[in-house]
Amino acid sequence: MDRVSGRWVALNQDWAKLLPLIDRWHEPGELREPIRNLRTTLIEHEVGVVGSERHFDSLNTLILKLTAHCNHACTYCYDFETAGGSAIEVDVATDAIRQGLALCDSSLQVILHGGEPMLVWARVEEIVQAGEELAADEKKRLRFVGQTNMSRLSDRIRDFSWQHDIVWGVSVDGPAEIHDRLRIYRNGSGTYRDFAQSLARFPDFVKSCGVLSTITVANQDQLTDVCRHFRDLGMASWEWSLFQPIGRGRQAAEELAPDPAVLVAAWNELFDAVLHGEFEGFPVRPIVKYTDNFLHGPGTNMCMRPECGAGRDLLSISADGTIEACDCIDTRGPLAGLGKMGTDSLDDARKSSTANSIRGRDLCSTRCAECVWWGVCGGGCLARAPHLNAIPDLECALALNAFDRIADQLVVPGGPLRRYLSTISTDAS
Ligand SMILES: C[S@@+](CC[C@H](N)C(=O)[O-])C[C@H]1O[C@@H](n2cnc3c(N)ncnc32)[C@H](O)[C@@H]1O
Ligand code: SF4
Ligand code: SF4
């Protein structure tokens, strides 16, 4: 695998032995022909070819934290200690979109986030409509997506979302007995019933949403059952987000953090179920996202590539107007706060010294320096690592295992993983 581009080629053992001699392709001798053949193969697969590297220099994604408030009180919530600004000012959000449109190449994705974004629905409508007008003036594409607990769904929210193509993800951690352990109300009772009620009242709308489950000790060993649950409910897809010990999750970090060995075993069980055809037609994103990166090289998944999106193609605006490189970055840590809306422009924020140091993350002194999967992994999320130039152990363990298993499947033509991929729509992968 090319460490820069993530392109790869499968070679038999005899050819692999010739790799150290690749620079000697022009020298006479009996190895000249096989080395030339090897060189041609590498060039055909764009491995080791200058110019195949990709860069991600233009802003293309903006997270808007619409409110710091929430009607739920999930035990692990990283937004729970967010200070100030209960809801984003419409002018601030609109200005961020205007600047984002100016900085992007041809399209901008805006992620409606929180707190709980559906609590401030009137503002969402104002922001979306203003953004659409700005995009039309700029002749650029603007796409809204959002993440919600889906507890406040109404006819108005459904209709506006459909009319404006807002694609929602819904956060549910598994069946009620799993979900209700950590996704709770302030009085401690579980919130699964909110999701169930919305699903019952608005089945078409809710089923069109992908599910996002946060992975903690509560569900780490039950990935396959969690995935089955959402497939059986008819949801559009299933994705995970690994627990991060920030915000409210900081206090309970040791009790909540998944165990790498347990999670790797659960991922393998899920992978085997996918190979056995159990999830045909249903996008199992914790499998598909590694597979997709492996097949097509790093790109749109800004968390799984050597140049991650934070402060590069992504910025996040907090409810109080603080500009962050990514919403996963600890707002109390050294990488927080690139600037403030109203004082600093998004461009200033991307040029700030903090943003420069985030983009300058250097993993040369870690095991990534020697890792064959570097080109499609990128060293894991910097916000989950102990410090900027370190790697997060959990993500590393998952990536090492996942890419080994995926490579075993994909280096040969055909096979159950390719068959599964052919059953899910391409935009799901
Ligand atoms: C902060 S919430 C905001 C949007 C909305 N309230 C919701 O729950 O979807 C966005 C996502 O982050 C996840 N999340 C919250 N705290 C987390 C943490 N400490 N580690 C990882 N993911 C977390 C939530 O489960 C949810 O899927
Ligand atoms: S994860 Fe979402 S629903 Fe849960 S407390 Fe945080 S903002 Fe609210
Ligand atoms: S984080 Fe782990 S799997 Fe990823 S490139 Fe580094 S060593 Fe390899």
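A nonpolar core is a set of buried Ala, Val, Leu, Ile, Met, Phe, Trp, Tyr and Cys residues joined through C-beta atoms within 7 Å. In this predicted model, the largest such core has 105 residues. The protein chain is divided into domain 1 (1-51) and domain 2 (61-353). Two ligand sites are described below.

**The core**
- L64 and I317 have the most contacts inside the largest nonpolar core.
- Helix α16 (residues 393-410) gives this core its largest share, seven residues.
- Domain 1 (1-51) and domain 2 (61-353) each supply at least three residues to the core.
- L64 touches I317, leaving aside residues up to four places away in sequence.
- On that same count, L64 also touches I88, A93, A96, V110, I111, L112 and H113.

**The domains**
- The C-alpha centres of domain 1 and domain 2 are 42 Å apart.

**Around ligand 1**
- Ligand 1 is surrounded by 20 residues.
- Y78, S171, T214, Q244 and G249 are the closest of them.
- Strands β3 (141-148) and β5 (210-215) are the elements that give two or more residues to this shell.
- By class, the shell has 11 polar, seven nonpolar and two charged residues.

**Around ligand 2**
- The residues around ligand 2 include the cysteines C70, C74 and C77.
- H72, A73, D79, G114, G115, E116, N149, S171 and R183 are also around ligand 2.
- By class, this shell divides into five polar, four nonpolar and three charged residues.
- S171 is listed around ligand 2 and is among the closest residues to ligand 1.

Definitions and conventions:
Residues are numbered from 1 along each chain as its sequence is written. Chains are lettered from A and ligands numbered from 1 in the order in which they are written. This is a predicted model: local features need pLDDT of at least 70, side-chain atom pairs count only at pLDDT 80 or more; totals for chains, interfaces and linings use all residues. A residue is near a molecule or strand if its C-beta atom, placed from the backbone, lies within 6 Å of it. Helices (H or I, at least four residues) and strands (E, at least two) are DSSP runs, numbered from the N terminus. Ala, Val, Leu, Ile, Met, Phe, Trp, Tyr, Cys and Pro count as nonpolar, Asp, Glu, Lys and Arg as charged, and the others, Gly among them, as polar. A residue is buried if 20 or more other C-beta atoms lie within 10 Å of its own, exposed if 12 or fewer, and partly exposed in between; C-beta atoms are placed from the backbone. Domain bounds come from an automatic or database domain assignment. Two residues are in contact if their C-beta atoms, placed from the backbone, lie within 7 Å.
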